[in-house]
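Open the model in a viewer and keep the sequence panel in sight. The stops below can be selected one after another.

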Amino acid sequence: MTTLPHDSYHAASRHLAAIDADWAQLVAEVGHCRLQPKPAREPYEALVRAVAYQQLHVRAGDAMLARLLACQPQPAFPTPAQLLALDTGQLRGCGFSGRKVATIHAIAAATLDGRVPSRREAAQLSDDVLIERLVTLPGIGRWTVEMLLLYTLARPDILPVDDFGVREGYRFLKALPALPSRRELLAATAACSPYRSIATWYLWQVPSLADYQPRLGKRRSAATGTS
């Protein structure tokens with residue numbers, strides 16, 4: 001399957017900037033894409049890491065993973081067998097909820113029996129096949145698999161439409177009164193293909209630009225003659 005190397009980021013940014021004035025302004029404001037995939041990670045590790053960050057602030061997820069790594073005598077990420085050897089109490093001590101413990105054990109077991117593919121096998125599978133295959137695991141939803149596709153497998157055309165940051169970013173970008181629905185966002189970002197992964201990264205940056213919406217609103221008001 002296709003992956004997006006760093007030297008394609010410029011082409012992706014040019015593609016997005018050509019969509020309309022809003023995208024052009026966003027690309028100019030944010031600058032060069034700094035998305036940093038981790039292609040050396042095996043899918044099971046990427047899934048476990050994604051589970052750690054589910055519904056948590058980044059710092060909390062970082063702390064939990066640091067404690068998980070500290071459970072092992074070596075700094076390398078635990079193997080599936082080592083994860084299964086960690087009991088519920090040990091994983092709860094790292095900060096994982098009971099549900100996340102069950103999910104981590106399920107990921108480890110599914111890796112050992114082949115349901116979670118290796119990096120090499122995953123490279124041969126389409127986005128849709130990987131999503132369909134992995135969402136059967138307990139605690140693994142579409143968003144978690146999309147993070148695997150985006151950050152580990154470096155797939156170029158992933159847009160996690162259920163991601164709050166993406167939806168909020170698009171709301172700011174277009175000065176919408178409310179978050180777009182899943183269907184609305186899919187339709188509205190069709191023009192971003194085949195670089196929707198890069199579009200995702202840019203949309204994630206929008207809420208961090210504190211004056212973005214006010215300036216965008218002023219520009220729209222000036223263009224329409226309203227105040």
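Among contacts in the chain with a separation of 6 or more, 67% join residues 24 or more positions apart. The model is a predicted one. Colour it by secondary structure: 14 helices and zero strands come up, so the cartoon should be read with the DSSP rule that a helix is a run of H or I of at least four residues. Colour next by accessibility, and 45% of the 227 residues count as buried.

**Stop 1: the core**

Select the largest nonpolar core, a set of 59 residues. Trp23, Leu68, Phe96, Ile198 and Tyr202 have the most contacts inside this core. Helix α3 gives the most to the core, with six residues.

Now centre on tyrosine 202. Which residues does tyrosine 202 contact, leaving aside its neighbours within four places in sequence? They are Ser13, Leu16, Trp23, Leu26, Val27, Val30, Gly31, His32 and Cys33.

**Stop 2: α1 and α2**

Several of those names lead to the next selection. Show helix α1, residues 9–17, together with helix α2, residues 21–30. Their axes come within 7 Å and cross at roughly 140°. The angle makes α1 oblique to α2, because only angles over 145 degrees count as roughly antiparallel. Add side chains for Ser13, Leu16 and Ala17 on α1 and for Trp23, Ala24 and Val27 on α2, which make the contact. By class, these residues divide into five nonpolar, one polar and no charged.

**Stop 3: α10 and α13**

Hide that pair and select α10, residues 142–152, with α13, residues 196–205. How far apart are the axes of α10 and α13, and at what angle do the helices pack? The axes are 11 Å apart and the angle is about 100°. The two helices are therefore roughly perpendicular to each other. Display Met147, Leu150 and Tyr151 in α10, and they are seen to meet Ser197, Thr200 and Trp204 in α13. This contact has four nonpolar, two polar and no charged residues.

**Stop 4: the two sides of α9**

Keep α10 on screen and add helix α9, residues 127–134. Its buried residues are Leu130, Ile131 and Leu134. Look down the axis of α9: the buried residues fall within an arc of 100°, so they line one face of the helix. The face turned away from the buried side carries the exposed residues Asp128 and Glu132. To see what the buried residues of α9 pack against, show α3 (43–53), α8 (119–122) and α10.

**Stop 5: arginine 49**

Stay with α3 and pick arginine 49, which lies in this helix. Is arginine 49 buried or exposed? At 18% relative accessibility, arginine 49 counts as buried, because the limit for buried is under 20%. Beyond residues up to four places away in sequence, arginine 49 touches Arg41, Leu65 and Phe77.

**Stop 6: backbone details in the loops**

Most residues other than glycine have a negative phi, and most peptide bonds are trans. The next three selections depart from these habits, as the values given for each one show.

Go first to alanine 154, in the loop between α10 and α11 (164–174). Phi of alanine 154 is near 55°, a positive value in a residue other than glycine. Alanine 154 is buried, with a relative accessible area of 12%.

Move on to alanine 175, in the loop between α11 and α12. Alanine 175 also has a positive phi, of about 55°. At 30% relative accessibility, alanine 175 counts as partly exposed.

Then select proline 194, placed in the loop between α12 (182–188) and α13. The peptide bond from serine 193 to proline 194 is cis, with omega near 10°.

**Stop 7: proline 207**

The last selection is proline 207, in the loop between α13 and α14 (212–224). Proline 207 is partly exposed, with a relative accessible area of 39%. Which residues does proline 207 touch, not counting residues up to four places away in sequence? They are Glu168 and Gly169. Draw a distance between the C-alpha atoms of proline 207 and glutamate 168: they are separated by 7.2 Å, while the two residues are 39 residues apart along the chain.

Key: Residues numbered from 1 in each chain as written. Predicted model: local features only at pLDDT ≥ 70, side-chain atom pairs only at ≥ 80, totals over all residues. Heavy atoms only, no water. Axes fitted to C-alpha atoms, helices over the stretch in contact; angles between N-to-C directions. Parallel < 35°, antiparallel > 145°, perpendicular 65-115°, else oblique. Contact = heavy atoms within 4.5 Å. Nonpolar A, V, L, I, M, F, W, Y, C, P; charged D, E, K, R; others polar. Buried < 20%, exposed > 50% of the residue type's maximum accessible area, 1.4 Å probe, protein only. Arc of directions from axis to C-beta. Core = buried A, V, L, I, M, F, W, Y, C linked by side-chain atoms within 4.5 Å.
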